[in-house]
There are 2 protein chains.
Amino acid sequence: VSAIDGLIQELSRLPGIGRKTAQRLTYYLLKGSPEDSRRLARAIDRVVDEVTACSVCGNLTSDDPCEFCSSERRDASVLCVVEEASDIPAIEASSRFHGRYHVLGGKLSPLDGVGPDDLSIAALMRRLESGIQELIIATNPSVEGEATAAFIHRMVSSLQDLSVTRLARGLPVGGDLEYADGVTIAEAFAGRREM
Amino acid sequence: VSAIDGLIQELSRLPGIGRKTAQRLTYYLLKGSPEDSRRLARAIDRVVDEVTACSVCGNLTSDDPCEFCSSERRDASVLCVVEEASDIPAIEASSRFHGRYHVLGGKLSPLDGVGPDDLSIAALMRRLESGIQELIIATNPSVEGEATAAFIHRMVSSLQDLSVTRLARGLPVGGDLEYADGVTIAEAFAGRREM
């Protein structure tokens, strides 16, 4: 294949990028400065070369242990369990969590053949043996995320002095009640708070 | 910046890719095989290394002259004028044009300071001296594309034996009359044909 078709093909493999978008991006790169395009190629090489999973929490990182596991300023007594490393930047953007993370590497999904052994649940149990006081389960508010949360809750229920919480469900801030789905509104009613 | 943030930044520079999408793509590349990610980086390097503008028509190509200018099977007497090289694949997909191309490299746009000297109009005039019989103006059906078409039409009006045509405007195939804008419907009426 030609260089242009080759790049269109590679870009088309990315999620949410169809052939038209891949074409548009390819011509954009061709019209721009060669330096900008090469910087993108180098940035891709760099993540492949540098980034690995943190051996403690499973976060994707250039340094092992990752910035959260190695930082003395993070509260080592609170652990937040997420499905994917990509959930961590979203939580960090909220500036409301100052503990450490544990990345499951997915969610329980029997239909896809993903069981507890495919997630880092055994590693989570080992981490909980060393002075963790609160476990915040931040799996996605989806059917599978809820099932995963319930499974973990059951696994840790025998541990004494461990508080287990789950992120609140409710109306998304800036959202519109009119367009919220019934389940979300039901959760918002169930979780309503004194003003 | 970290490798992950660096790639998110580079991807965010691409048109239509915001920070969220750049993040999603970055984690997609991290979760996939390193080989796939490296293939994308190599494909970008390859277009930067190989692709240049065709010295005859301005098409973007790995070979100069480009496949259309060098092919004996393309009708050298018909020239199709387009704004950008990226318009050519769309026309080729229609399988209705078998002549050669001329890429203007943009459109007349006085507000952006783009005048005739910024487009390859002089080169077009030189090409028209050598046995071209039909000039098909395929600039975009936008205000600026129309102005560019009108300008070229005026420039070539003194040339004898040159037929100058413009792609038809009308309802897009597969489109819905109900959602077509008034100008398009007006053009469709003006250009109506015997059944």
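**View 1. Chains A and B meet through the same surface.** In this predicted model, 100% of the interface residues of chain B are also interface residues in chain A, so the two copies use the same surface to meet. The contact joins 45 residues of chain B with 45 residues of chain A.

**View 2. A rotation of 180° relates the two copies.** Turning chain B by this angle, with 0.1 Å of shift along the axis, superposes it on chain A with an RMSD of 0.1 Å. The copies are thus related as by a two-fold rotation axis. To find that axis from the chain B side, look for B:Ala41: its C-alpha is the one in chain B nearest the axis, 2.2 Å away.

**View 3. The chains bury about 4000 Å² between them.** Carbon and sulfur atoms give 68% of this area. Within chain B, the residues losing the most area to chain A are B:Ala3, B:Tyr27 and B:Ile44, which together make up 14% of what that side buries.

**View 4. Salt bridges link chain B and chain A, ten by count.** Here is one to zoom in on: the side chains of A:Arg42 and B:Asp45 meet at 2.8 Å, N to O. Polar contacts across the interface come to twelve residue pairs.

**View 5. Helices and a strand of chain B build its side of the interface.** At least two residues each come from α1 (3-12), α2 (19-31), α3 (34-50) and β2 (60-61). The largest share, 16 residues, belongs to α3(B). Sorted by class, the side of chain B that touches chain A holds 24 nonpolar, eight polar and 13 charged residues.

Definitions and conventions: Residues are numbered from 1 along each chain as its sequence is written. Chains are lettered from A and ligands numbered from 1 in the order in which they are written. This is a predicted model: local features need pLDDT of at least 70, side-chain atom pairs count only at pLDDT 80 or more; totals for chains, interfaces and linings use all residues. Side-chain values use heavy atoms; hydrogens and water are left out. Copies are superposed by least squares on the C-alpha atoms of residues with pLDDT of at least 70 in both. Contact means heavy atoms within 4.5 Å. Buried area is the accessible area (1.4 Å probe) that two parts lose on being put together, summed over both. A salt bridge is a side-chain nitrogen of Lys or Arg within 4 Å of a carboxyl oxygen of Asp or Glu. A polar contact is a pair of N or O atoms within 3.5 Å; within protein, one must be able to donate a hydrogen and the other to accept it, and residues adjacent in sequence count only if both atoms are side-chain atoms. Helices (H or I, at least four residues) and strands (E, at least two) are DSSP runs, numbered from the N terminus. Ala, Val, Leu, Ile, Met, Phe, Trp, Tyr, Cys and Pro count as nonpolar, Asp, Glu, Lys and Arg as charged, and the others, Gly among them, as polar.
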